[in-house]
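Dear colleague,

I am passing on the structure below, together with some notes on what turned up in it. Please look through it before reading on.

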Amino acid sequence: MTSVPLHLPAPRGRLRTRHEDGHRLGHLVWRLAPGSRVCSSAVLGGGIGPRAWILNAQVPGGYPRLDPDRHLAEIAAAEGLEGPGAGLMTAADVSACTEADDGGVTATVTSGLGVRGWAAAPAPGADGPLPPGTVNIVVTLPVALGDAALVNAVATATEAKVQALLDAGLDCSGTPTDAVCVAVPAPGTEGTEPFAGPRSLWGARLARAVHAAVLEGALLHLRRER
């Protein structure tokens with residue numbers, strides 16, 4: 001597979017398929033440019049650091065495994081992905097991902113909204129683990145961000161996600177298993193951007209891209225529910 005440099009406009013994960021336990025499942029793969037950094041809440045390779053790839057893998061509803069990080073590592077190895085990476089998973093159909101671009105910032109979203117609710121909810125009972133419905137957001141920017149700006153970018157993406165869900169008419173802030181990845185190039189001679197809040201130049205672009213992609217995905221999900 002051909003690598004996709006992060007600085008190209010509208011970088012998008014490549015759709016791949018695999019067979020697991022009688023299921024035909026999809027996954028999206030981003031091969032990042034050398035030196036790229038990612039800030040994420042991913043179950044595999046979360047946190048801030050250099051990453052060579054991002055993987056967003058579809059799994060069956062009622063996901064039975066208790067080692068999602070190992071499972072994602074197995075999928076990555078089968079794809080020939082090398083070096084450190086970030087891996088997310090979802091029960092949503094990844095082939096139905098939605099994408100939006102704003103000023104060079106690209107957001108790709110998979111929308112599994114079957115188990116949705118508000119972040120601040122009553123304490124759980126003994127209902128057991130929830131299935132991994134999951135809204136996964138992968139954002140790529142063409143500029144380097146400092147550590148604080150990377151964290152701010154994740155917060156901005158989350159705010160834009162909630163705004164989009166409300167604009168779609170959904171009474172929720174997301175699902176219990178939502179995840180975000182923000183990928184940026186390695187710092188160059190010009191240094192790093194210090195801000196990524198929603199009123200900064202790059203944060204505003206990120207927010208608009210995430211909002212558009214999440215809104216489209218939420219509306220598509222609602223049409224399927226009906």
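The mean pLDDT of the chain, that is, the predictor's confidence in each residue on a scale from 0 to 100, is 89, and 90% of the residues reach 70 or more. This is a predicted model, in which local features need pLDDT of at least 70 and side-chain atom pairs count only at pLDDT 80 or more, while totals for chains, interfaces and linings use all residues. Residues are numbered from 1 along each chain as its sequence is written, and side-chain values use heavy atoms, with hydrogens and water left out.

Two stretches call for caution. Over residues 1-10 the pLDDT stays under 50, and the model has 23 contacts for them beyond four places in sequence, a contact being heavy atoms within 4.5 Å. Residues 128-132 also have pLDDT below 50, with ten contacts in the model beyond near neighbours in sequence.

Turning to the interior, the largest nonpolar core (buried Ala, Val, Leu, Ile, Met, Phe, Trp, Tyr and Cys residues joined through side-chain atoms within 4.5 Å) has 36 residues, and those that touch the most other members are I137, V139, L141, L145, V182, L206 and V210. Here buried means under 20% relative accessible area, exposed over 50% and partly exposed in between, with a 1.4 Å probe and protein chains only. At least two residues of this core come from each of β8 (105-111), β9 (135-140), α2, β10 (179-184) and α3 (201-225), where helices (H or I, at least four residues) and strands (E, at least two) are DSSP runs numbered from the N terminus. The most is given by α3, with nine residues. A second, separate core of 14 residues includes L32, I54, A86 and C181.

Two members of the largest core may help you to find your way. Leaving aside neighbours within four places in sequence, V182 is in contact with R37, V38, C39, V139, L141, L150, A153 and V154. L145, in the loop between β9 and α2, is buried, with a relative accessible area of 0%. With the same neighbours left aside, the contacts of L145 include R37, L150, A153 and V184.

Another loop residue is S36, between β2 (23-31) and β3 (37-40), which is buried at a relative accessible area of 1%. A polar atom of the S36 side chain lies 2.7 Å from the backbone oxygen of A33.

Finally, R205 lies over the face of W202, 4.5 Å from the ring centre; a charge counts as over a ring if NZ of Lys or CZ of Arg is within 6 Å of the ring centre and within 35 degrees of the ring normal.

With best wishes

How values were computed:
Polar contact = N/O pair within 3.5 Å; in protein donor to acceptor, adjacent residues only side chain to side chain.
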